[in-house]
Amino acid sequence: MATSKAAIAPFEVTPLDVISAVSSNARASFRSHKTKDLQWRLNQLRKLYWALEDFKPAYLAALKQDLNKSGFESCFTEIDWVKNDCMFMIDNLETFAKTEKLKSPHVPATYSMLNFRIKKEPLGAVLIIGPYNFPVQLLLAPLVGAIGAGCTAVIKPSELTPASAMVMKEMIESRLDREAFAVVNGGIPETNALMEEKWDKVMFTGSPQVGSIIARKAAETLTPVCLELGGRNPAFVTKKANLALAARRLMWGKCMNAGQVCMNHNYVLVDKDVVDTFIECLKVAYKDNFPNGAKASSDLGRIVNARHFHRIKKMMDETKGKIVMGGEVDESELYIEPTAVLVDSIDDPMMQEEIFGPTFSIYPVDNLDQALNIAHEVHKTPLSLMAFGDKSETSRILHEMTSGGASINDSYFHGAVNTVPFGGVGDSGWGAYRGKASFDNFTHLRTVCETPTWMDRFLRVRYMPYDWSEYRFLQRLTEKKPNFDREGTVVKGVGYWMWFFLGLGTQGGDAKGALKRWLVVLAGYYLSVYVKARTA
C-alpha cells in the first residue's frame with residue numbers, strides 16, 4: 001500500500017488550564033450512567049471501527065512521518081489490529097458483560113436461595129497513557145477495552161510521535177462521544193497535570209522508570225493501575241534447536257518496527273558449541289530479509305528520535321564485544337542496522353539496559369544451567385522470553401524462568417495475537433489486557449446477593465444472643481471434613497476407595513468425570529450387545 005500524503009496539523013499542546021475540565025467532563029459523563037448501556041458501548045465501538053478506516057490515510061502518513069513505519073506494518077500492527085479488536089469486542093461484549101450466577105462450588109447449597117451473582121461494573125473514568133513505538137495500537141487497544149467495559153476515558157498519546165498524536169486527537173474528538181472521550185496532547189507537564197486528577201484507573205504503557213513514577217503518584221489516591229512496561233528479555237538457543245529457524249524468527253522480532261518492541265529479545269543465550277553456526281544462520285536470515293541491504297529496504301523503520309538513536313549507538317560504541325552482524329548507523333536518517341554483538345559478560349553495556357532497538361547481544365553458554373543462571377541475574381521477571389530447543393529443554397525453561405509471556409520456537413508471538421491476554425510480571429508490568437482481558441482490565445466484579453425476606457428464621461445463627469446449638473447445626477450442613485492428616489498426607493480411607501471404584505478411577509469427588517466414564521462404559525456395553533445380536 002502506498003504511503004498517504006494526507007495533511008496533518010502541526011503538533012499542538014493541550015493548555016494546562018483546561019486539563020482539569022477535561023477530566024471533570026469524563027467523570028461527569030460516567031456519572032450520567034449512559035455508558036452502562038450496552039447499546040451505547042456497541043455504538044461507540046462501531047464508530048471507532050469506521051473512524052479507523054476513514055482516518056487510515058492520515059495514520060499512514062503520520063506513522064511514516066514519526067517512525068518511517070512502512071504502510072504494511074502500519075496496517076498490520078496498528079490500524080487493522082485495532083479494527084480487529086473492535087470487531088472482537090463487538091462480537092463478544094454481551095457475553096463478557098452478562099451477569100454470572102454463582103452456584104456450587106462457589107456457593108454452598110445452604111445459601112443457594114440467596115441468588116448470589118457477579119455483576120460486571122465499569123470502573124469509571126480512566127486515563128490511558130500511551131508510548132511512542134506503536135502510537136495507534138497501544139493507545140486504542142486499551143480504549144476498546146475501556147469502551148466495552150462501560151468506562152469514560154481520557155487518552156494521552158506520546159509527544160515523541162506528534163503527527164500520530166494529532167491524528168488521534170482529531171479522530172477521537174470528531175467521531176466518538178465528546179463528553180465521554182477526549183485526547184490530551186503534550187509532554188511531562190501535561191502528564192503531571194493529568195496525574196493530579198482523580199481517576200478510577202490509570203493504564204500506562206512505557207518504560208519501567210516512568211512506570212514507577214506513575215505508580216507512586218497513583219498510590220497517593222489509591223488509584224489502581226495497569227502498567228505495561230518492558231525488560232531485558234532473554235532468548236535461549238540450545239544445541240538441539242533448529243538454528244536456521246531460530247535465527248530467522250529472532251531476526252523477524254528485531255526488525256519489526258526497527259526493534260522498538262518491548263517484547264523482543266535483548267540478548268540470546270546460545271550453546272557455545274553452536275554459536276558460530278547460529279551467527280552464520282543470522283547472516284543468512286539478514287540477507288533473506290534485506291537482499292539489497294537493510295538501509296535500502298522500504299520495510300525497515302527508523303529510531304524515533306535523536307536521543308534514542310544516540311542511546312543505542314552509545315551501547316554499540318562502548319561494548320567490549322565483537323560485532324558479528326550489521327553495525328552500520330546513520331544519524332541523518334536515524335538509521336541503525338540490525339546488529340548482533342558477541343559478548344562474554346553481563347556487565348557489557350549491551351547487557352546493562354533494555355535496548356529497545358534493532359541490536360542485540362549473543363552470549364555463549366556452557367549449558368542450560370548456566371543460561372538460566374545468567375537470565376535470572378540479568379532480569380528475573382522480564383516481559384517475555386523466547387526458547388528454542390527440544391521439548392524437555394523448553395519445558396524446563398518455562399518451569400524455572402518467570403516472565404510476563406513466553407514463546408516456544410518463536411520470537412514473542414505470544415504477544416502478536418490481539419485476542420489473548422498480554423501483560424508483564426513483577427517489575428515488567430502489572431495487569432493484563434487484550435481480548436477479554438481488556439474488558440476485565442476496566443471492570444469491577446461486583447458480588448451481589450439477594451436474601452429473601454422470608455428467610456430470616458433460617459438465619460437465626462447469626463443473630464445475638466448467639467446459640468452454639470444453632471452453630472453446630474450450621475456446621476453439619478456446611479462444613480467439609482478434610483481427607484488429609486496434620487502432615488498434609490491424603491488419608492485413603494473407606495470413603496476414598498468407595499468413590500474410586502464407583503467413580504471408575506476418578507479422584508477428588510469428580511462427579512462429572514465419573515458420569516462421563518460410566519456413559520462410556522454403558523455405550524461400550526450396548527454396542528457389544530448390538531454387535532453380538534447382529535452377528536447371531
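Reader: What makes Glu328 and Lys295 a salt bridge?

Author: Happy to explain! The closest N and O atoms of Glu328 and Lys295 are 3.9 Å apart. A salt bridge needs a side-chain nitrogen of Lys or Arg within 4 Å of a carboxyl oxygen of Asp or Glu, so the pair forms one. This is a predicted model, in which local features need pLDDT of at least 70 and side-chain atom pairs count only at pLDDT 80 or more, while totals for chains, interfaces and linings use all residues. Residues are numbered from 1 along each chain as its sequence is written, and side-chain values use heavy atoms, leaving out hydrogens and water.

Reader: Why is Lys295 called partly exposed?

Author: Its relative accessibility is 28%. Buried means under 20% relative accessible area and exposed over 50%, with partly exposed in between (1.4 Å probe, protein chains only), so Lys295 counts as partly exposed.

Reader: What makes Arg446 and Glu121 a salt bridge, too?

Author: Their closest N and O atoms lie 3.3 Å apart. The pair links strand β20 (residues 443-448), home of Arg446, with strand β2 (residues 117-122), home of Glu121, across 325 residues; strands here are DSSP E runs of at least two residues, numbered from the N terminus.

Reader: Why is Glu121 called buried?

Author: Its relative accessible area is 13%, so Glu121 is buried. Arg446, at 42%, counts as partly exposed.

Reader: How do you know that Cys75 forms no disulfide with Cys86?

Author: A disulfide is a pair of cysteine sulfur atoms within 2.5 Å. The Cys86 sulfur is the closest to that of Cys75, yet 15 Å away, so they are too far apart for a bond. A search of the whole structure finds zero disulfides.

Notes: Helices (H or I, at least four residues) and strands (E, at least two) are DSSP runs, numbered from the N terminus.
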